[in-house]
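Work through the exercises below with the sequence and the model open. Each task is followed by a solution in short steps.

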Amino acid sequence: MPKFLRDTSHGSWVLLGTGVTALLSFLFQAILSMTLSDADFGYLSSAMVWGVTGSILMSLGAQNVLLNYVKRQKGNRQDILGVFSHIWMQHMGASALACGLIYVIFPEFGAQIVFIASFAGLLSLFAIIGAGQQAIDHFRGVGTWLILPELAKLFALLVLFIFGVSQPDHIGLLFAVVFLAISLGVFLRCAVPPRRTKTLSYRDVVTTSAPYVLSGVMFMVYHRSPLVVLALVHRPVEAGSLAIIYFFMSALLLLPTAYSQRFLLGRWHSFPLEDFSRFSFELRRQLWKMLLFSLPIGAIIFLFSGDFLQFVYQDRYAAAQTYAPWFASVLVLKSLCIPLQAATSVDDLKWRKTMCICIVAGLTIGAAFLLTPTLGLKGAFLAAVLAESALVVSLAWAAYQRKAGRQIVQTSA
């Protein structure tokens with residue numbers, strides 16, 4: 001094997017794992033979008049948004065909490081992973097109880113709720129175990145745990161084809177059974193049992209993870225609220241078209257997102273509060289890198305995305321073919337948010353970042369409910385531009401606050 005792949009200090013395994021993950025994720029959603037009707041794909045994509053949001057809540061910011069306790073406070077990784085394993089079991093039990101109650105009270109939503117809970121459980125478990133690998137800089141393990149959720153989704157898709165299931169509710173339930181079976185097997189094989197004397201209590205974990213969990217949930221709200229709103233107001237065909245645009249955009253940004261979250265995050269944590277010049281220089285460098293990456297891709301999307309979607313889907317997802325070129329500007333704005341979000345995840349900025357994302361999420365929800373029910377994808381585009389522009393400005397402001405923090409430190413010294 002080439003030396004650069006063995007050199008985990010450069011995150012080569014993360015790069016390799018992310019590349020494979022991007023390919024598998026693209027393959028899963030492409031097959032799903034061609035197999036389901038426009039409306040069914042819109043509804044399932046909306047349910048997956050809720051599932052990812054649930055996984056953020058269930059994993060309780062494992063990535064940042066483990067980095068904080070293992071790297072910064074020199075804690076024992078096994079002990080902390082044991083605590084998270086115990087928490088995951090509790091969350092799965094609470095999810096099962098909630099699903100049972102919803103199934104009894106609102107049976108028409110039962111299949112979707114079970115799918116969302118199982119999907120959230122799978123993603124959160126894999127995120128916890130992957131975070132444990134990152135806490136000890138085992139990037140080969142991180143790359144592996146990036147790939148495994150996508151393999152689980154493709155396996156669920158294979159089971160779907162084997163059994164020939166076509167009804168949307170039945171698809172959700174079949175996926176749920178597969179995800180639950182995989183989660184149980186992985187948990188029994190890989191989870192770390194908690195010790196009698198816990199290093200951290202549930203309250204400790206919640207207190208530490210609160211800003212990360214809140215910002216993660218609010219990020220999903222601002223990131224996908226137009227899609228969810230279109231599904232909620234019973235415009236699933238347009239929701240399917242918007243899901244097509246989002247999934248192509250997410251696939252294109254998966255590499256820089258994973259690089260920022262899995263590799264740069266540790267670098268941001270290593271910069272002392274008083275060293276604002278180094279922090280500022282690195283942030284500017286990453287922003288320029290993202291522009292050099294996203295501007296050419298944005299130009300290609302603007303010029304050719306409509307024709308490409310027409311070639312792939314023929315007359316399906318017509319709204320996506322019309323509006324995909326518009327979203328080139330959204331992709332560029334999203335790319336600028338990637339290094340800004342990672343940079344503002346450090347301890348002294350985490351609450352400012354959370355406040356910024358909460359404000360932007362509020363703006364996006366308001367714009368989505370105001371614009372998308374009447375304007376459809378045009379409204380979704382306007383809401384996305386508003387959200388991304390506001391997030392870039394607010395996160396840049398939050399990052400600049402590190403300079404104010406440095407001045408306070410110097411004055412007190």
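**Exercise 1. Two loop residues with unusual backbone angles**

Task: Decide whether H234 is buried or exposed, then state where H234 is found and what its phi is.

Solution. The model is a predicted one.
Step 1. H234 has a relative accessibility of 62%. The cut-off for exposed is over 50%, so H234 counts as exposed.
Step 2. H234 sits in the loop between helix 9 and helix 10.
Step 3. The phi of H234 is positive, about 60°, although H234 is not a glycine. Most residues other than glycine have a negative phi.

Task: Do the same for Q314: is Q314 buried or exposed, and in which loop does Q314 lie?

Solution.
Step 1. Q314 counts as exposed because its relative accessibility is 52%.
Step 2. The loop that holds Q314 runs between helix 11 and helix 12 (318-323).
Step 3. Q314 is a residue other than glycine with a positive phi, near 60°.

**Exercise 2. The chain as a whole**

Task: State how many helices and strands the protein chain has, and what share of its residues count as buried.

Solution.
Step 1. The protein chain has 15 helices and 0 strands.
Step 2. Of its 413 residues, 55% count as buried.
Step 3. About 18,600 Å² of the protein chain is exposed, and carbon and sulfur atoms supply 69% of that area.
Step 4. Consider contacts between residues at least 6 apart in sequence: 81% of them join residues at least 24 apart.

**Exercise 3. The largest pocket**

Task: Give the volume of the largest pocket, and say which helix gives the most to its lining.

Solution.
Step 1. The largest pocket has a volume of about 930 Å³. It is lined by 36 residues, of which A47, W50, Q112, I113 and I116 are the closest to its centre.
Step 2. Helix 3 gives the most to this lining, with 10 residues.
Step 3. At least two lining residues come from each of helix 3 (38-59), helix 5 (77-105), helix 6 (110-135), helix 8 (168-190) and helix 9 (202-232).
Step 4. Sorted by class, the lining of the largest pocket has 25 nonpolar, 8 polar and 3 charged residues.

**Exercise 4. The second largest pocket**

Task: Find which helices each supply at least two residues of the lining of the second largest pocket, and how that lining divides by class.

Solution.
Step 1. The second largest pocket holds about 280 Å³ of space. Its lining has 15 residues, and F248, L252, I301, S305 and F308 are the closest to the centre.
Step 2. Helix 10 (236-270) and helix 11 (276-313) each supply at least two of the lining residues.
Step 3. The lining of the second largest pocket divides into 14 nonpolar, 1 polar and no charged residues.

**Exercise 5. Buried residues in three helices**

Task: For A176, S46 and L157, name the helix and list the contacts beyond four places in sequence.

Solution. The cut-off for buried is under 20% relative accessible area.
Step 1. A176 lies in helix 8 and, with a relative accessible area of 2%, is buried. Its contacts are V114, F115 and S118. The C-alpha atoms of A176 and A111 are 8.7 Å apart, although 65 residues separate the two along the chain.
Step 2. S46 belongs to helix 3. S46 counts as buried because its relative accessibility is 6%. S46 is in contact with L227, V228 and A231.
Step 3. L157 is placed in helix 7 (residues 139-163) and is buried, with a relative accessible area of 2%. L157 touches F28, I31, L32 and F175. Between the C-alpha atoms of L157 and V178, 21 residues apart along the chain, the separation is 9.5 Å.

**Exercise 6. The largest nonpolar core**

Task: Identify which residues touch the most other members of the largest nonpolar core, and which helix gives the most to this core.

Solution.
Step 1. The largest nonpolar core has 112 residues; L66, F84, F175, I244 and F327 touch the most other members.
Step 2. Helix 6 gives the most to this core, with 12 residues.
Step 3. Take F327 as an example. Apart from neighbours within four places in sequence, F327 is in contact with L242, I245, Y246, M249, L377, A380, F381 and A384.
Step 4. F175, one of the residues named in step 1, is also touched by L157.

How values were computed
Residues are numbered from 1 along each chain as its sequence is written. This is a predicted model: local features need pLDDT of at least 70, side-chain atom pairs count only at pLDDT 80 or more; totals for chains, interfaces and linings use all residues. Side-chain values use heavy atoms; hydrogens and water are left out. On a 1 Å grid over the protein atoms alone, a cavity is a set of points where a 1.4 Å probe fits but cannot get out, and a pocket is an open set with protein on both sides within 12 Å along at least five of seven lines; lining residues have an atom within 4 Å of a point. Grid points are joined across faces, edges and corners, and a volume is the space filled by probe spheres set on the points. Helices (H or I, at least four residues) and strands (E, at least two) are DSSP runs, numbered from the N terminus. Ala, Val, Leu, Ile, Met, Phe, Trp, Tyr, Cys and Pro count as nonpolar, Asp, Glu, Lys and Arg as charged, and the others, Gly among them, as polar. Buried means under 20% relative accessible area, exposed over 50%, partly exposed in between (1.4 Å probe, protein chains only). Contact means heavy atoms within 4.5 Å. Accessible areas come from the Shrake-Rupley method with a 1.4 Å probe; for residues, only the protein chains shown count as cover. A nonpolar core is a set of buried Ala, Val, Leu, Ile, Met, Phe, Trp, Tyr and Cys residues joined through side-chain atoms within 4.5 Å.
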